[in-house]
Amino acid sequence: MTTKFPSHINLSRETRSELIDMLNTNLATAVDLHWQVKQAHWNIRGSHFISRHLLFDKVADHVRAHADEFAERAGALGGYAEGTIRLAVKNTELQEYDLSAVNGDDHVRVVVDRVARYAASVREGIQRADDLNDPVTADMLTQILGVVEEDLWFLESHLYGSATITREESAPSAIREEPASPNA
Ligand SMILES: [Fe+2]
């Protein structure tokens, strides 16, 4: 049971508990993703450096704002927000950042993959909130997903025409991480 605080919202404790668990999973994923995108922001080099450096920062800012929304909705439902870095490591849905990424396209591919996984997690959350008859959580997640999917479009547009992503394939399965450079 993950409800910790009293709530006068007229949903059963069991329902609120399930919503809180889902929100905490998304919170952990957002905390992880925020710092993964910052990792890309800090370490990217190569062509289109400035535009990609700035785009990553914008995406990271969005994800950080989403983390706040997940945490505060969990709180409103009587839950305890699990948002520390260590809790995020335990609960995130993402793989660790690809530390072998060097050039700009490598970083964009990793970020597209992680943002696509995040988008899928938020979409699953919308379905879960719908199933649990909580339109407020579903609406909040829907608003968030609109931002995430727009960011995904901006990011994946950087890979258009590249050999590692095609129009027919959809992320994240289309994104193939390159092997580490033998000189890295
Ligand atoms: Fe910065």
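Biologist: How many salt bridges does the count come to?
Modeller: The count comes to 8 salt bridges. Keep in mind that this is a predicted model.

Biologist: Okay, and what makes side chains pair up like that?
Modeller: Side chains of opposite charge can pair when their charged atoms come close.

Biologist: Show me one. Which residue does Arg-73 meet in a salt bridge?
Modeller: Arg-73 meets Asp-134, with 3.2 Å from N to O. Arg-73 lies in helix 2, while Asp-134 sits in the loop between helix 4 (104–131) and helix 5, so the pair ties together parts that are 61 residues apart in sequence.

Biologist: Is Asp-134 buried or exposed?
Modeller: Asp-134 counts as buried, because its relative accessibility is 4% and the cut-off for buried is under 20%. Its partner Arg-73 is buried too, with a relative accessible area of 12%.

Biologist: What about Glu-93, which residue does it form a salt bridge with?
Modeller: That would be Arg-117, and the closest N and O atoms of the two are 2.9 Å apart. The pair links distant parts of the chain: Glu-93 is in the loop between helix 3 (85–91) and helix 4, and Arg-117 is in helix 4, 24 residues apart.

Biologist: How do Glu-93 and Arg-117 count, buried or exposed?
Modeller: In between. Glu-93 counts as partly exposed at 31% relative accessibility, and Arg-117 counts as partly exposed at 27%.

Biologist: Got another salt bridge for me?
Modeller: Sure, the side chains of Asp-113 and Arg-114 meet in one, at 2.6 Å from N to O. Both Asp-113 and Arg-114 are buried.

Biologist: Let's zoom out. How many helices and strands does the protein have?
Modeller: There are 5 helices and 0 strands. Along the sequence, the pattern reads α-α-α-α-α.

Biologist: And what share of the residues counts as buried?
Modeller: Of the 184 residues, 46% count as buried. As for the outside, the accessible surface comes to about 9,800 Å², and 52% of that belongs to carbon and sulfur atoms.

Biologist: How do helix 2 and helix 5 pack?
Modeller: Helix 2 (residues 49–76) and helix 5 (residues 135–157) pack at an angle of about 170°, and their axes are 11 Å apart. The two helices are therefore roughly antiparallel to each other.

Biologist: Which residues meet there?
Modeller: From helix 2 they include Leu-55, Phe-56, Val-59 and Phe-70, and from helix 5 they include Met-140, Leu-141, Ile-144 and Phe-154. By class, the contact of helix 2 with helix 5 has 12 nonpolar, 3 polar and 4 charged residues. Arg-73, from our salt bridge with Asp-134, is also one of the helix 2 residues in this contact.

Biologist: Back to Glu-93 for a sec. I've got Ser-121 on screen, what does it touch?
Modeller: Ser-121 touches Asn-26 and Glu-93, leaving aside residues up to four places away in sequence. Ser-121 is in helix 4 and counts as buried, at 4% relative accessibility.

Biologist: And Thr-25, where is its place?
Modeller: Thr-25 is in helix 1 (residues 13–43) and counts as partly exposed, at 24% relative accessibility. With residues up to four places away in sequence not counted, Thr-25 touches Asn-91 and Glu-93.

Biologist: What separates the C-alpha atoms of Thr-25 and Glu-82?
Modeller: They are separated by 8.6 Å, although Thr-25 and Glu-82 are 57 residues apart along the chain.

Biologist: Last one: what share of contacts joins residues at least 24 apart?
Modeller: It's 74%, among contacts between residues at least 6 apart in sequence.

Terms used: Residues numbered from 1 in each chain as written. Predicted model: local features only at pLDDT ≥ 70, side-chain atom pairs only at ≥ 80, totals over all residues. Heavy atoms only, no water. Helix = DSSP H or I, 4+ residues; strand = E, 2+ residues; numbered from the N terminus. Buried < 20%, exposed > 50% of the residue type's maximum accessible area, 1.4 Å probe, protein only. Contact = heavy atoms within 4.5 Å. Areas by Shrake-Rupley, 256 points an atom, 1.4 Å probe, with all protein chains shown as cover. Axes fitted to C-alpha atoms, helices over the stretch in contact; angles between N-to-C directions. Parallel < 35°, antiparallel > 145°, perpendicular 65-115°, else oblique. Nonpolar A, V, L, I, M, F, W, Y, C, P; charged D, E, K, R; others polar. Salt bridge = Lys/Arg side-chain N within 4 Å of Asp/Glu carboxyl O.
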